[in-house]
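Hi everyone, thanks for coming. Let me put the sequence and the structure up, and then we'll walk through a few places together.

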Amino acid sequence: MTRFLRPFLALLLPVFLAACASGPLEAPDDPAVQVEPRAVTADSLPPDEQVWGGVIARVDNRAEATFIEVVGYPLSRQEPQTRQSTTGRFRLRVEGFADPVDYRAGRRITGVGTVTGVEDGRIGELDYVFPVLEAHSVHLWPEPEPPRSSGGVRFGIGIGIGL
């Protein structure tokens, strides 16, 4: 019996471990208290830590910190799901300098921290109120690999036979 059980368990163990995998950042204990960025106002700042992510729209390096403007998206295992509708824009406040070459527009990012307030800003000619997430942890997601071309000339003889 154990002769068959061990290989079976060895095959199932990676499946169970993958199911328990979390994202790359240490997340708050209670994900039920997560608030979408668009729901935050100056009068209703969430008291609990938030995990927000999305796509970088702009980077503003200031003397005291870097503010990264992010178009928010829902998260799955902390990774922004850009095929879904946005959850509103927000600004990540990160201590120190964030190089705009690495943190460029279009990159996906996730931050964990506390919402410390709101900032007035603009998107084009529209006035917008950005919630500010004071991030103690930030993860910049790798860029997807570009599709590979076949890269060469293909010859074929007949139907379905390639050389």
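Let's start at Phe130, which counts as buried because its relative accessibility is 0%; buried means under 20% relative accessible area, exposed over 50%, and partly exposed in between, with a 1.4 Å probe and protein chains only. Before going on, please keep in mind that this is a predicted model, where local features need pLDDT of at least 70, side-chain atom pairs count only at pLDDT 80 or more, and totals for chains, interfaces and linings use all residues. Residues are numbered from 1 along each chain as its sequence is written, and side-chain values use heavy atoms, with hydrogens and water left out.

Which residue forms an aromatic pair with Phe130? The structure holds two aromatic pairs, and in one of them Tyr128 meets Phe130 in a tilted arrangement, 4.8 Å centre to centre with 55° between the planes. Here, rings of Phe, Tyr and Trp (its six-membered ring) pair if their centres lie within 6.5 Å; planes under 30 degrees apart are stacked, over 60 edge-to-face, and the rest tilted. Tyr128 is partly exposed, at 22% relative accessibility.

Phe130 has a charged neighbour too: Arg91 lies over its face, 4.0 Å from the ring centre. That label requires NZ of Lys or CZ of Arg within 6 Å of the ring centre and within 35 degrees of the ring normal. Likewise, the charged end of Arg62 sits over the ring of Phe67, at 3.9 Å from the centre.

Now to the strands. Helices (H or I, at least four residues) and strands (E, at least two) are DSSP runs, numbered from the N terminus. In strand β5, residues 88-95, six of the eight residues are buried. Strand β2, residues 65-73, runs antiparallel to β5, and eight bridges join them; two strands pair if DSSP finds at least two bridges between them. Phe67 has Arg93 in β5 as its bridge partner. β5 also pairs with strand β7, residues 126-140, in the parallel sense over three bridges, and there Leu92 has Leu133 as its partner.

Next stop, Gln34, in the loop between α1 (2-20) and β1 (50-61). Its side chain reaches the backbone nitrogen of Val51 at 2.7 Å.

Finally, how confident is the predictor? The chain averages a pLDDT of 84, and 75% of the residues score at least 70, where pLDDT is the predictor's confidence in each residue, from 0 to 100. Over residues 8-21 the pLDDT is below 50. Where pLDDT is low, the predicted coordinates should not be read in detail. Thanks for listening!

Key
Contact = heavy atoms within 4.5 Å. Polar contact = N/O pair within 3.5 Å; in protein donor to acceptor, adjacent residues only side chain to side chain.
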